[in-house]
Amino acid sequence: MSSIVVLGSANMDLVVRQPRLPNPGETMFGSSFDTVAGGKGLNQAIAAARVGGEVAFLGAVGGDAFGAALRQTLEDSSVDVSGVVLVERPTGTAHISVLDGGENAIVVVPDANGVELPLDDAQRAAILAARYLVVQFERPLPLVASAVAFARANGVTTVVTPAPVLPLPDGFLDDVDILVPNAAEACELAGVDDETDAALALSARVGTVVVTRGSRGALVARGGEIVAEVPAHPVTPVDTTGAGDTFTGVLVARLAAGDPESAALRAASVAAALATTRPGASTSMPEWDEVAALLENAVAPNRLRAGRAPSRG
């Protein structure tokens, strides 16, 4: 069985590169179009697998060409797809505008990802056998919440990327061991305007909070205080799509491999930076040898307390 189970979305990304976002009513020319396997869940699963994680993916696709392609992409990355179910809806899609400066804007059409499904016995067994459960909010929240509660009750470390931010069920954050939002998500979730204040507030409820901030690196909070600042690895970005998912996937994979928290955070930072230097999401995620080659010169997190990310199970 896999040490990491990712329950999440699988989309086919329809990617247009363009100089800027169009104004309302405006038609403009783009410079390229591509289809790339994506979805936050699929991205995190592939990112973890590429740096050595043993990963199983629990997702939903339609019986169409996009669904078959997504399954094949996961298998090609050595991700276990036995927990991917076929539903009577089209496979999800994400419509991504990548601007020439590297930033992006995304519209997601959930389709198969939005189908309400309970955890089945095989999926529960996969979670029970894992050390980490990784989730996002691109699948129905009742399914995500039930999986997190089930994992937490059985001593499996829970990792949550709260994207998109949704109103959470009572007690949800109490079941989260590691929360990995970006700065905007952290502020929205905490109901504050400052990302540091958000990290501090959320860490009063969650075991560890890691707020990713793009080129400004990441903040790590625990027990109501900032315990580390993780520098970003300097690169010239081409496409930032999937960088946050790369960070989360690599962080969990390296923790599962036994790396200390500081080393796992540094690897995640380097991997996320590398992902921005290439177009696409899942296609941009680096292999472990690429990350390892840069780690020797990467700046370590500062103010970090010794130890590993805690599992409160």
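**View A. Asp-111 in the loop between strand S8 and helix H3.** In this predicted model, Asp-111 lies in the loop that runs between strand S8 (104–109) and helix H3 (121–129). Although Asp-111 is not a glycine, its phi is positive, at about 45°.

**View B. Ser-78 in the loop between helix H2 and strand S6.** Ser-78 is placed in the loop between helix H2 (65–76) and strand S6 (85–87), and its phi, near 65°, is a positive value in a residue other than glycine. Ser-78 counts as exposed because its relative accessibility is 61%, where exposed means over 50%.

**View C. Gln-136 and its surroundings.** Gln-136 is found in the loop between strand S9 (132–135) and helix H4 (141–153), and with a relative accessibility of 1% it counts as buried, a word that here means under 20%. The side chain of Gln-136 makes a polar contact of 2.9 Å with the side chain of Gln-44, and the side chain of Gln-136 also reaches the backbone nitrogen of Gly-41 at 3.5 Å. When neighbours within four places in sequence are left aside, the residues in contact with Gln-136 include Val-6, Leu-7, Gly-8 and Ser-9, as well as Lys-40, Val-144, Thr-161 and Ala-163.

**View D. The peptide bond from Ala-163 to Pro-164.** Ala-163, which is one of the residues in contact with Gln-136, is joined to Pro-164 by a cis peptide bond with omega near -5°. Pro-164 has its place in the loop between strand S10 (157–160) and strand S11 (178–179).

Terms used. Residues numbered from 1 in each chain as written. Predicted model: local features only at pLDDT ≥ 70, side-chain atom pairs only at ≥ 80, totals over all residues. Heavy atoms only, no water. Helix = DSSP H or I, 4+ residues; strand = E, 2+ residues; numbered from the N terminus. Buried < 20%, exposed > 50% of the residue type's maximum accessible area, 1.4 Å probe, protein only. Polar contact = N/O pair within 3.5 Å; in protein donor to acceptor, adjacent residues only side chain to side chain. Contact = heavy atoms within 4.5 Å.
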